[in-house]
Amino acid sequence: MPKTSHKGRRLKWKRMRPLYIMMIPGTLYLIINNYFPMFGIFIAFKKIDYSKGIFASQWTGFDNFRFLFATKDAFVITRNTILYNLVFIVLGTIAGVTVAILLNEVISSVWKKLYQTILLLPQLISMVIVAYIGYAFLNVENGFLNNSVLPLLGLEPVSWYSEPRYWPFILTITHLWKGLGYGSVVYFSAILGIDRELYEAASIDGAKRGQQIRLITLPLLKTTIIIMVLMSVGNIFRSDFGLFYQLPLNSGALYSTTNTIDTYVFRALMQLNNTAMSSAAGVFQSVVGFIVIVIVNGIVRRVDEDSALY
Amino acid sequence: MTGLKRESDSSREVMSTGRKVQQFFINLVLFLLAAAALAPFILLISSSITDEGTLIRNGYSFFPEKISFAAYEYLFASGIKMVRAYGISILVTVVGTVISLGITSTMAYPLSRKDLPGRNAFLFFVFFTMLFNGGLTPSYMMWTRIFHIKNTIFALIIPGLLMSAFNLILMKNYFAANIPGELLEAARVDGAGEFHIFCRIVIPISTPIMATIGLFVALGYWNDWQNGLYYLSNRMDLYSLQNYLNKMMQDIQYLNSGRNEAMMANLQGMTMPSTAIRMALSVMGVIPVMVLYPFFQKYFTKGITIGSVKG
């Protein structure tokens, strides 16, 4: 008996071996691209001296973090990252659900398709192109706003790229413009998944469209909405680097309202060559982000186990 | 009851006035939103075909007083750099997408097999990369100091974009849900090996998920400018279209800031893109995606849907 099971195991191993071989390239990529840098967080606990090499550089404990949090930047980038995410989540969800419900009410299938197609367009383009679009609207001398809109309202031209106070609005509008198609498609497909018979039964009972939306659509969308919101909350410590770096054209005058953790890490590393600050901010983001994701995933599991990340 | 039923039947045939008014307002709101989504693109295009003098007088606008294609003529006449950037973008997108689909599908298939010993450990290994990452600084140092890909074409293909845990999971779920176990069993009885089964059975019946994920990976490569920004410091000849556009915007900013006069003098030999050419450049960046959009829209919408509900 043990002999055959041993043989069976060997046979199975022989069968399965190609499967493991197939996984080698992907596994190697994840080890190099994702796991290696995780161990690289030790850089944040060293004073990097390139003449000695990264590994031989001196350990400094939490000094880099102490320096980081002693700066005003630490507060500004954390605040900006979290506040923008909160605003994006609230407005993005409301806009996405509203458009999805409206789309579902449209009778003409041609128009329904056309609206979806057009709303998804901004999703397709890179943030570099978005920066050009922003420039067409906001440029001081040639911009559409300063030349065509503000004079119409009798207002003076604004120097958009050096006035931080307008940027919370500019960034939010741009984010909504780019993301609306995605959000509405997600919620619209969730609505399409709702049993049609529920609506037919309700209309036979004399429920108006408005009542049907309030009593059938919204309650049945609740789980999808909660999941989507929680997933976004899980990423509250991550910001869209492209949006915050490209759209303001990396303008130093705007940092108070446009600098987020991701843009800070980038600038510290690439423009200031300050490895200490950039790695400390990066580790801060990864660790706190990890904790938030784990907590949020725990909540998602309670709401709907199938939607949990793990 | 019968009266109500008859009424709802007739409302299906001929819309009541209330319903018509409702439809009108719903369509109006969506029409305005769609117009708002489209407007920035129209501003780009109309600005790019505006006469230079008109632009300087009136700024960028939706309805140009005087139309001129001079910007495009200039681009095509002196556009060697841009043609090159187009070529790099196409090369990187094609090579990246092919390799990505290769390593993603060969890893996703074994993971979709419930009988694979150690499957859960592998799945955790994949999932964990979605929860935690080392951040930009260690990645940058690894790619530049250990693998030395800085200022090579590999910098545009390898870091970050080649495979994501997210796509891997989507593909794994698709395989698990759509490949009938009996089919695999039958092939096994016929003596087919696992690799043979993967090539001859799994891949041919998985074209929808390959197309969907391939599309998102390709869009990721086509639109990527970050790898070029991080890793191409002195190889402008390797710039993709997005890097080229990004560089143009940086130069415009630099000149506008007017701080560095030495730099200005330095650049005088070079004809900087004029007002219209800036917008013509970005239109050239948008066009390929827009032209192909009708063909891939189906997969794009589907990808968003399966991505949001995790398969």
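Which residue follows H7(B), and what is the sign of its phi? That residue is B:His148, with a positive phi near 50°. Before going further, a word on conventions: this is a predicted model, in which local features need pLDDT of at least 70 and side-chain atom pairs count only at pLDDT 80 or more, while totals for chains, interfaces and linings use all residues. Residues are numbered from 1 along each chain as its sequence is written, and chains are lettered from A and ligands numbered from 1 in the order in which they are written.

Let's stay with helix H7 of chain B, residues 136-146 (helices are DSSP runs of H or I, at least four residues, numbered from the N terminus). Eight of its 11 residues are buried, so the helix is largely enclosed by the rest of the structure. Buried here means that 20 or more other C-beta atoms, placed from the backbone, lie within 10 Å of the residue's own. Among the buried ones are B:Pro138, B:Tyr140 and B:Trp143.

Now to the meeting of the chains. The contact (C-beta atoms, placed from the backbone, within 7 Å) takes 81 residues from chain B and 78 residues from chain A. On the chain B side, helix H2 (residues 17-48) gives the most, with 15 residues.

Finally, look at the largest nonpolar core, a set of buried Ala, Val, Leu, Ile, Met, Phe, Trp, Tyr and Cys residues joined through C-beta atoms within 7 Å. It has 143 residues, and A:Ala281 and B:Ala280 are among those touching the most other members. Helix H5 (residues 127-138) of chain A gives the most to this core, with 11 residues.

Note on methods: Contact = placed C-beta atoms within 7 Å. Helix = DSSP H or I, 4+ residues; strand = E, 2+ residues; numbered from the N terminus. Buried ≥ 20, exposed ≤ 12 C-beta atoms within 10 Å, placed from the backbone.
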